[in-house]
Amino acid sequence: MMSGNALRDLNTLPTPERKNDRSSKVNFTKPCNGNTIENVEEHQSKSLASFQINGGETINVGVEVANSEVEYIESENLSDLEDFDTCLENLLPGLDSKDWILVVEALNNVRRLSIFHKERMHSMLSDLIPLVVKSLKNPRSAVCKTAIMASTDIFNAYNDDLIDSLDPLLVQLLLKSSQDKRFVCEAAVRTLEAMTTSVSPILLLPKLQPYLKNRNPRIRAKASMCFSRSVPRLGIEGIKEYGIDKLIQVAASQLSDQLPESREAARSLLLGLQNVYEKSQDLSTTVSEHPEMGSWENFCLSKLSPLSAQAVLRVTSNLAREGLVIGS
């Protein structure tokens, strides 16, 4: 069950950062080599930045400014740690630091530990995940995006071991994948894709289902896409065990959704369910003797309202004619 904090986070999307915000940049070249940060002028300098609100009142906000550059390194290009023990000891304090530069460095070390030393970090997950979630909420883009990339590596490393900690991560990733800042949004979408391929669908689908009814249409759309990608991983027997009737009802409810992403995900899911249903019916002796009893049309009419059934049949007949396949 989702926590109260998770539900509150979904009520409103975070306010997008202003495009004229000059993000500080940092370049980390040697993680955990005895020096906390490298290539940062005097570690960092603090100054006041001015922002205009709606072209009117100007306010001054204290920001930390550094003169180096953030480098977002792809997972396959990350190097192992030079001082493993020191990094592990400083990991949680670094993630909880008020210094955003230290937080970004710690997040990159989380990524390295997930890739090269996942067994050693496993026992820390219950303390680590809330701090990663805290970074996902950070309004500074460098921290937020690095936390998103760290989430990808965590999913790839720990798979189903994350299921008990998944709700707060999932909430923030859905929010970030739905916001207007494109490079953050795209990174979050990639992380959600990693989640659907890393976490077993039998565990993930119940976690996703409540978000399909969220009042924010963009949240619903991203959740629908994850749901549609996850179902085929059940396989034919897994889908039958989960319940084709339950899944067709979920998909039918998304066909009339506000956003096209939701509707497209529903169409893809429905075609896949039709294929599974018809293959399973081919193996039934009873149906072979009375084919009208097991038709896809009759199944839809028996499980859905007349209007929903008509919508589903119209979609699946059109998609079947076009030769589309689920997941394509």
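Let me start with residues 12-31, where the pLDDT stays under 50 in this predicted model, although the model does have 57 contacts beyond four places in sequence for that stretch. A second stretch, residues 33-68, is also below 50 in pLDDT, and there the model has 70 contacts beyond near neighbours in sequence. Where pLDDT is low, the predicted coordinates should not be read in detail, and I would ask you to keep that in mind when you look at either set of contacts. For the protein as a whole, the average pLDDT is 81, with 73% of the residues scoring at least 70.

Let me turn now to the empty space inside the model. Searching the whole structure gives four cavities of 30 Å³ or more, and the largest of them has a volume of about 50 Å³. Which elements give two or more residues to the lining of this largest cavity? They are α10, spanning 217-230, α12, spanning 244-254, and α13, spanning 260-282, and it is α13 that supplies the largest share, with four residues. Among the residues that line the cavity are Leu212, Phe227, Val250, Gln254, Ser262 and Leu269. Sorted by class, the lining consists of seven nonpolar and four polar residues, with no charged residues.

My last point concerns helix α15, residues 296-303, whose buried residues are Trp296, Phe299 and Cys300. If you look down the axis of α15, these buried residues fall within an arc of 95°, and therefore they line one face of the helix.

Definitions and conventions: Residues are numbered from 1 along each chain as its sequence is written. This is a predicted model: local features need pLDDT of at least 70, side-chain atom pairs count only at pLDDT 80 or more; totals for chains, interfaces and linings use all residues. Side-chain values use heavy atoms; hydrogens and water are left out. Buried means under 20% relative accessible area, exposed over 50%, partly exposed in between (1.4 Å probe, protein chains only). The arc is that of the directions from the helix axis to the C-beta atoms. On a 1 Å grid over the protein atoms alone, a cavity is a set of points where a 1.4 Å probe fits but cannot get out, and a pocket is an open set with protein on both sides within 12 Å along at least five of seven lines; lining residues have an atom within 4 Å of a point. Grid points are joined across faces, edges and corners, and a volume is the space filled by probe spheres set on the points. Ala, Val, Leu, Ile, Met, Phe, Trp, Tyr, Cys and Pro count as nonpolar, Asp, Glu, Lys and Arg as charged, and the others, Gly among them, as polar. pLDDT is the predictor's confidence in each residue, from 0 to 100. Contact means heavy atoms within 4.5 Å.
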